[in-house]
Amino acid sequence: ECLALRTLAYYRTVPPVGFDNWNRQEEVPLIAMSAAQMKFLEEQRKKKAAEKASKPAVPAATPAAPLNTDALISSQEAPKISKASDVWKFTEGSGALGTYTVCRHSMQGTVVELWHEGSGSFSFRRASGAKVKYCSSYGSLQDEPKLCSPDAAEELDGGGGSAFRQGGLSAGGWGSGEVRSKRLVFGCTVKTRDGSEKIELVLTREGFVFVPAEGFKAVAVRNGEFMQLTRDEAKNMVKAADADPDSLMGGRS
């Protein structure tokens, strides 16, 4: 700034050599404006630098999630069911009438109690919180106030119990159970007018099917829904359970 002022004072009195027509009135303002602009710009630069230093760093924005993210995750995480043993858990319990092998479908909450001394009878609950029914070996039904072995059922409801293992289970008169294709099958021999006949309780990926002796009503629970069927309809349901796609997606618990 001092140099610029001295230069201005010199130009006002002594014109440069070779510039006889030099216009002092135009050059002096130009030199003065240039110095003023430089000073203004420097002040603005310092001001912006100070403001930038005082501001906190802004975190990078998180990319928006796709609209169908939840649906995608749920379909990937949903358990795949390829056979009945994937969803049925077992434990043993006792009640006023004896011993029971208690089975629970982990997705539907369906519970079946196989009465060891009952010659083919059983109790069941179609879904969590549903009413309990007793079924005789001939398919007759009656409502019950509660399960026969509530402690065992409570254990299974809480996530306890064991998976099915061939030869590792004993259900009294219902046998030890066996794997047939995608099913778990328990059988019992009952007396009929013509002698005796084998009845079956079949655990499937979606519930269970009780196949009685010839001439009696069948019982089934599928996806938490109870139904009564003819014996032939029950047999067809068992076949259809094996014919379903190899992997079913788990439902409600």
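Here is a friendly exchange about the strands, cores and salt bridges of this predicted model.

Student: In what order do the six strands of the open sheet lie?
Tutor: Happy to start there! The pairing in this sheet is antiparallel, and the twist averages 25 degrees from one strand to the next. Strand 9 (178-180) and strand 14 (225-229) each pair on one side only, as the edge strands. The order is 9-10-11-12-13-14.

Student: Which residue of strand 14 is the bridge partner of A218?
Tutor: Strand 13 covers residues 218-222 and runs antiparallel to strand 14. Five bridges join the two strands. In strand 14, the partner of A218 is L229.

Student: What angle does the direction of helix 5 make with that of strand 12?
Tutor: Helix 5 (residues 231-243) packs on the sheet. Its contacts take in strand 9, strand 10, strand 11, strand 12, strand 13 and strand 14. With the direction of strand 12 (207-211), the helix makes an angle of about 140 degrees.

Student: Which strand gives the largest share of the largest nonpolar core?
Tutor: In soluble globular proteins, nonpolar side chains tend to be buried together. Here the largest nonpolar core has 28 residues, and F90, L114, F122, W174, F186, L203 and F208 touch the most other members. Several strands give two or more residues to this core, including strand 2 (88-95), strand 4 (111-115) and strand 5 (122-125). The largest share, four residues, comes from strand 10.

Student: How many residues make up the other core that lies apart from it?
Tutor: Good thing to look for in the viewer. Among the members of this other core are V185, V211, L229 and M237. The number of residues in this core is ten.

Student: Is S121 buried or exposed?
Tutor: S121 is found in the loop between strand 4 and strand 5. Setting aside residues up to four places away in sequence, S121 touches W115, Y134, C135, S136, S137 and W174. Its side chain also reaches the backbone oxygen of G118 at 3.1 Å. Because its relative accessibility is 1%, and the cut-off is under 20%, S121 counts as buried.

Student: In strand 6, which residue does F124 stand opposite?
Tutor: F124 belongs to strand 5, where F122 and F124 on one side and S123 and R125 on the other are all buried. On strand 4, the residue V112 has F124 as its bridge partner. Strand 5 also pairs with strand 6 (residues 132-135) in the antiparallel sense over four bridges. There, F124 stands opposite K133.

Student: Which residue takes a positive phi in the hairpin of strand 5 and strand 6?
Tutor: It helps to meet the neighbouring turn too: strand 4 and strand 5 form a hairpin in which S119 has a positive phi of about 50 degrees. The hairpin of strand 5 and strand 6 has six residues between the strands. In that hairpin, a positive phi near 85 degrees is taken by G129.

Student: How many residues apart are R180 and E200?
Tutor: Their side chains meet in a salt bridge (2.9 Å, N to O), one of ten in the structure. R180 lies in strand 9 and E200 in strand 11, and the pair links distant parts of the chain. The separation is 20 residues.

Student: Is E206 buried or exposed?
Tutor: E206 meets R222 in a salt bridge (3.1 Å, N to O). R222 is in strand 13, while E206 is in the loop between strand 11 and strand 12. R222 counts as partly exposed, at 33% relative accessibility. Because its relative accessible area is 13%, under the 20% cut-off, E206 is buried.

Technical notes:
Residues numbered from 1 in each chain as written. Predicted model: local features only at pLDDT ≥ 70, side-chain atom pairs only at ≥ 80, totals over all residues. Heavy atoms only, no water. Pairing = 2+ DSSP bridges. Axes fitted to C-alpha atoms, helices over the stretch in contact; angles between N-to-C directions. Contact = heavy atoms within 4.5 Å. Core = buried A, V, L, I, M, F, W, Y, C linked by side-chain atoms within 4.5 Å. Buried < 20%, exposed > 50% of the residue type's maximum accessible area, 1.4 Å probe, protein only. Polar contact = N/O pair within 3.5 Å; in protein donor to acceptor, adjacent residues only side chain to side chain. Salt bridge = Lys/Arg side-chain N within 4 Å of Asp/Glu carboxyl O.
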